[in-house]
Amino acid sequence: MLYRKQTGYDEFKCIADKCPKSCCIGWQIVIDEDSVNKYTDTSGNFSDRLKAGIDYNEQCFKQNVTRCAMLNDNGLCDLQSTLGEDYLCNTCRMFPRHIEEFQDIREYSLSLSCPEVTRMMMEPDFEFGITETEDEVCDNPEEFEDFDFMLYDKLEYARDKMFALAKETTLPLQERMNIIACMALKLQEFYDEGDIFEMDDVTADDTFETTGTSAMLSLDNCIKGFDALIEMEVLEESWRDSIKAAKAFWIGHKESFTTWKDTMYPAAEKEFLFEKILECLLYTYFCGAVYDGQIYARTMIAVQSTRWLMMLDAASSQELAKTIYLYSREVEHSDLNVNALIEYFEDEL
Ligand code: SF4
């Protein structure tokens with residue numbers, strides 16, 4: 001088995017009660033079967049409180065307004081402090097860690113929805129990277145009976161080229177993103193035509209044919225995309241309001257070329273922050289196309305999310321790190337919303 005981990009994965013530590021946007025607030029925390037059984041078998045003083053905090057029909061923790069029933073007034077988890085970390089359900093034990101499985105390859109990433117992950121990534125000396133280790137472990141091959149290893153191989157190769165481009169600081173990040181988006185269009189074209197082998201030949205140099213398409217940066221297109229975000233399901237209505245405010249800001253600044261240019265072509269220090277977001281999202285989403293063939297849409301989740309974050313940042317006085325983790329909480333942590341984004345970009349084809 002080959003294991004890939006993004007930089008910081010092993011070093012990550014939850015800041016618990018110091019967290020400005022705890023993952024125990026606002027989300028419905030689903031409990032896996034084994035943990036439900038373990039909780040049912042508990043006895044003693046804490047057991048009654050634990051069992052009263054579980055919604056057995058929905059198989060999740062109940063909420064006190066929007067707070068997990070296990071969270072105490074000090075912002076700490078009573079389940080963890082009473083029964084220990086071993087008693088955490090899979091959702092709580094894993095978050096903000098995310099795993100993608102590709103037959104004998106396992107990719108580990110960190111979710112931007114965790115404020116501590118975002119803080120870590122925004123540090124000036126943090127560079128996005130991936131480390132690899134390997135062992136002799138072999139998982140049950142039946143689980144991946146239909147896995148298209150050839151396609152995965154092509155995607156992996158293309159993603160490496162995209163990563164190299166993302167770091168190509170001789171070009172403005174915006175141009176790097178345009179090229180990556182155009183590469184994705186070309187890759188999608190070959191995939192749709194069944195020319196999987198041609199995918200290896202897609203490079204930054206031959207993406208000029210695809211310029212002028214929706215993949216390229218355009219203010220009108222970015223504003224139109226805000227409507228897709230506004231229509232999504234939200235955890236907090238204030239998020240929808242902030243997208244509406246950003247849309248109004250950009251409609252009001254349509255004629256201001258300087259505002260647009262300064263936002264989309266930020267100074268090197270800020271550009272580096274957005275570069276890391278782009279890389280992180282490419283890592284998380286791109287190779288998942290092996291399962292659904294959505295090469296272009298998955299690339300655009302990374303590219304267009306980065307553009308939207310630039311626009312949201314310019315339209316508000318909020319710290320960029322906060323905008324990023326709120327975006328990730330609202331958009332990435334809902335299958336419905338991710339699917340809506342995939343459909344939105346699919347329609348651009
Ligand atoms: S969001 Fe991150 S830092 Fe905050 S409580 Fe959850 S895991 Fe900890």
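**Exercise 1. Find which stretches of the chain make up domain 1 and domain 2 in this predicted model, and how far apart their centres are.**

Start with the bounds: domain 1 covers 24-94, and domain 2 covers 148-346. Next, take the centre of each over its C-alpha atoms; the two centres are 36 Å apart.

**Exercise 2. Work out the strand order of the open sheet and name its edge strands.**

Go across the sheet: its 4 strands come in the order β6-β7-β1-β8, and the pairing is mixed. Now look for strands that pair on one side only: these are the edge strands, β6 (97-102) and β8 (130-134). On average, neighbouring strands here are turned by 20° against each other, ignoring direction. Then zoom in on β6 and β7 (residues 105-110): they run antiparallel, joined by 6 bridges. For a concrete pair, take Glu 100, whose bridge partner in β7 is Glu 107.

**Exercise 3. Decide what kinds of residues surround the ligand.**

List the shell first. Among its members are Cys 14, Cys 19, Cys 23 and Cys 114, along with Phe 95, Pro 96 and Glu 116. Then sort the shell by type: you get 9 nonpolar residues, 1 polar and 1 charged.

**Exercise 4. Is Leu 312 buried or exposed?**

Locate Leu 312 first: it sits in helix α13 (residues 295-315). Now count its neighbours: Leu 312 has 25 other C-beta atoms within 10 Å. The cut-off for buried is 20 or more, so Leu 312 is buried. Leaving out residues up to four places away in sequence, Leu 312 touches Ala 246 and Thr 323. As a last step, check Thr 323: it is 11 residues from Leu 312 along the chain, and their C-alpha atoms are 7.4 Å apart.

Methods:
Residues are numbered from 1 along each chain as its sequence is written. This is a predicted model: local features need pLDDT of at least 70, side-chain atom pairs count only at pLDDT 80 or more; totals for chains, interfaces and linings use all residues. A residue is near a molecule or strand if its C-beta atom, placed from the backbone, lies within 6 Å of it. Ala, Val, Leu, Ile, Met, Phe, Trp, Tyr, Cys and Pro count as nonpolar, Asp, Glu, Lys and Arg as charged, and the others, Gly among them, as polar. Two strands pair if DSSP finds at least two bridges between them. Helices (H or I, at least four residues) and strands (E, at least two) are DSSP runs, numbered from the N terminus. Axes are lines fitted to C-alpha atoms, for helices over the stretch in contact, and angles run from 0 to 180 degrees between N-to-C directions. Domain bounds come from an automatic or database domain assignment. A residue is buried if 20 or more other C-beta atoms lie within 10 Å of its own, exposed if 12 or fewer, and partly exposed in between; C-beta atoms are placed from the backbone. Two residues are in contact if their C-beta atoms, placed from the backbone, lie within 7 Å.
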